[in-house]
Amino acid sequence: MHEEAIVRECTGEVIQGRDELNRWFKQWNGSGNEVMYWDIHNIGLDYEQMTAFVEWKFKCKYKGTTLEWDGTSIVYFENSLIIELNEYEMKKDKSYPYKQDSVAI
């Protein structure tokens with residue numbers, strides 16, 4: 001991570017700078033929280049802009065509550081280090097309000 005890195009979580013939390021990121025990582029992992037899975041499905045890279053786009057599914061136990069969602073991260077690099085990471089959430093449960101029944105119209 002870059003010394004001045006910033007992480008914006010889908011929860012609204014913003015962690016800025018390597019010191020805050022280290023404290024956040026230690027607190028999250030030292031409080032009985034658990035990543036149950038973090039499956040990465042797609043990674044796109046833009047070498048010109050030094051940017052990665054990552055799609056994933058995530059499930060964890062956080063403060064005694066199980067949370068699960070689909071997400072996307074946009075990751076910006078500077079000198080091969082993460083300088084900015086923005087996380088976006090998509091609800092795990094999907095609905096299909098316009099999907100047609102198998103009955104012909």
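How many aromatic pairs does the count come to? In this predicted model, the count comes to five aromatic pairs. One of these joins Trp56 and Phe58 in an edge-to-face arrangement. Their ring centres lie 6.2 Å apart, and the planes meet at 80°. Trp56 is buried, with a relative accessible area of 3%. Phe58 is buried at 8%.

Phe58 also pairs with Trp69. This pair is tilted, with 5.1 Å between centres and 55° between planes. Phe58 belongs to strand β4 (residues 51-62) and Trp69 to strand β5 (residues 65-78), so the pair ties together parts that are 11 residues apart in sequence. Both Phe58 and Trp69 are buried. One aromatic cluster is formed by Trp38, Trp56, Phe58 and Trp69.

A further ring takes part in a contact with a charge. The charged end of Lys99 sits over the ring of Tyr96. The distance to the centre of the Tyr96 ring is 5.7 Å.

Attention turns to the N-terminal segment. His2 lies in the segment before β1 (6-8). His2 counts as buried because its relative accessibility is 13%, under the 20% cut-off. The His2 side chain reaches the backbone nitrogen of Glu4 at 2.9 Å. The same side chain, that of His2, makes a polar contact with the side chain of Glu78 at 3.2 Å. Glu78 also appears among the contacts of His2 when neighbours within four places in sequence are left aside. The other residues in contact with His2 on this basis are Arg18, Leu81, Ile82 and Ile83.

Conventions:
Residues numbered from 1 in each chain as written. Predicted model: local features only at pLDDT ≥ 70, side-chain atom pairs only at ≥ 80, totals over all residues. Heavy atoms only, no water. Helix = DSSP H or I, 4+ residues; strand = E, 2+ residues; numbered from the N terminus. Buried < 20%, exposed > 50% of the residue type's maximum accessible area, 1.4 Å probe, protein only. Polar contact = N/O pair within 3.5 Å; in protein donor to acceptor, adjacent residues only side chain to side chain. Contact = heavy atoms within 4.5 Å. Phe/Tyr/Trp six-rings, centres within 6.5 Å; stacked < 30°, edge-to-face > 60°. Lys NZ or Arg CZ within 6 Å of the ring centre and 35° of its normal.
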